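Visitor: I have just started reading protein structures, and I would like to be taken through this one with some care. Could we look at it together?

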Number of protein chains: 2
Amino acid sequence: MKWDTLEEEPCSLARTVAVIGDRWSLLVLRECFLRKRRFEAFQSSLGITRHLLAERLKKLVRFGVLRRIPYQESPKRYEYILTQKGLDLYPIIMSIVHWGNIHMVDSRGRPMLHQHKACGKMFDPVMVCSECGEPLTAKAVHVHPGPGARQTSPAHAMADGAKAKAKTGA
Amino acid sequence: MKWDTLEEEPCSLARTVAVIGDRWSLLVLRECFLRKRRFEAFQSSLGITRHLLAERLKKLVRFGVLRRIPYQESPKRYEYILTQKGLDLYPIIMSIVHWGNIHMVDSRGRPMLHQHKACGKMFDPVMVCSECGEPLTAKAVHVHPGPGARQTSPAHAMADGAKAKAKTGA
DNA sequence: ATTGACAGTTCAAAAATAGAACTTTAGGCC
DNA sequence: GGCCTAAAGTTCTATTTTTGAACTGTCAAT
């Protein structure tokens, strides 16, 4: 399975992994949420190679997660800012940070704390059910195929022709 | 920056990315949450190469996300099941799936639907503040350095000696 | 005796990433 | 004018990962 087949899988997780499932994209997005906007800022705070940073920024722009905005003419210079689609990644980022806070901290404690402006308190994110508001656990959830579920065999087993047809037929 | 320096960064996001931030780990974990447990099951439903699957399973076991349990003797056969640490990844998985549901579906609609056993309804996950219960957005959150924050320069700029010392000194 | 299932391991070829130098446009300093 | 710096890339080679395919070892069934 290649990167591009990943985004065509009939699975919302696989499609999202096509966007953020690599070494760097989530780190770049962390910087975005910390208000970094420029190439040099990303590069120096992450230590990513310039080559790969350029690649990743292009990818995130292509997926509509970042927007490239010129902030000066000649020489043309751009900043990268989160679109709404990008801002919507916030729960993913926060749940990742939270898991790290619980399971990956050393004896010094958390590298970062979060304060909710609305209530003023330091908080942790909690994932709840949109319908009843109760916290969610894996065991309390039933999974059902939805309208976009795959019909037959796994996508990675399909011939190219069949795959193209499956896409067109949407 | 290499994979192993990633998990030593003073950042809960970076450390978690060291565990799940690659092409395959999240897909393998998806299968785990769908009750798959065996090598062949992972391999055939993901289309991952056997070599890399073995690698990834080893990594997830090493990080304590999966446990390797023998289910038969001679020939020794193992299954891989989620530990509590692994089960705690559920909010990450669900927020990733949710983002894909909102931003990456085609006209056919969602590949999967989720039903909350507790209330019986189809739901979406919502991330709320642990203190006041209100939904969270990036703009409503203030970030503060915590006790485990880095003191001086970025980790990727440290010499190896300094880095080793920083770890020992924890 | 042969086949098939399972859980890997091994190896060469292809792709991605790292690391470093180089490019382009412009402003500031002497 | 000549030299330095800054920003945002691009280009190049070397290294590391990943792929794809075949192979191994143990047992059960035919």
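Guide: Let us begin with a term: a salt bridge is a side-chain nitrogen of Lys or Arg within 4 Å of a carboxyl oxygen of Asp or Glu. Please keep in mind throughout that this is a predicted model.

Visitor: What is the N to O distance where the side chains of B:D106 and A:R15 meet?
Guide: The rule asks for a nitrogen of Lys or Arg within 4 Å of a carboxyl oxygen of Asp or Glu, and the side chains of B:D106 and A:R15 do meet in a salt bridge. Across the interface of chain B and chain A, the rule finds 2 salt bridges. For the pair B:D106 and A:R15, the distance from N to O is 3.7 Å.

Visitor: What is the area buried between chain B and chain A?
Guide: The size of an interface is often given as the accessible area lost when the parts come together. Here 92 residues of chain B are in contact with 92 residues of chain A, and carbon and sulfur atoms give 66% of the area buried between the two chains. That buried area is about 8600 Å².

Visitor: Which helix gives the largest share of the side of chain B that touches chain A?
Guide: Between chain B and chain A, the count of residue pairs in polar contact is 35, with both residues at pLDDT 80 or more. On the side of chain B that touches chain A, the largest share is 12 residues, and these come from residues 90-103 of chain B, which form helix α7.

Visitor: Which strand of chain B pairs with strand β3 of chain A?
Guide: The two strands run in the antiparallel sense and pair over 5 bridges, and A:H116 stands opposite B:V141. Strand β3 of chain A covers residues 112-116, and its partner, residues 141-145 of chain B, is strand β5.

Visitor: Which element gives the largest share of the surface near DNA strand D?
Guide: There are 23 residues around DNA strand D, and among those that come nearest are A:Y71, B:L52 and B:S74. Polar side-chain atoms lie 3.1 Å from a phosphate oxygen of the strand in the case of A:R68, and 3.2 Å from one in the case of B:S74. The largest share of this surface is 4 residues, and the element that gives them is α5(B).

Visitor: How many residues of the surface near DNA strand D are charged?
Guide: Of the atoms of DNA strand D within 4 Å of the protein, 62% belong to sugar or phosphate, while the rest belong to bases. The residues of the surface near this strand divide into 8 nonpolar and 4 polar, and the charged ones number 11.

How values were computed:
Residues numbered from 1 in each chain as written. Chains lettered and ligands numbered in written order. Predicted model: local features only at pLDDT ≥ 70, side-chain atom pairs only at ≥ 80, totals over all residues. Heavy atoms only, no water. Contact = heavy atoms within 4.5 Å. Buried area = accessible area lost by both parts, 1.4 Å probe. Polar contact = N/O pair within 3.5 Å; in protein donor to acceptor, adjacent residues only side chain to side chain. Pairing = 2+ DSSP bridges. Near = heavy atom within 4 Å. Nonpolar A, V, L, I, M, F, W, Y, C, P; charged D, E, K, R; others polar.
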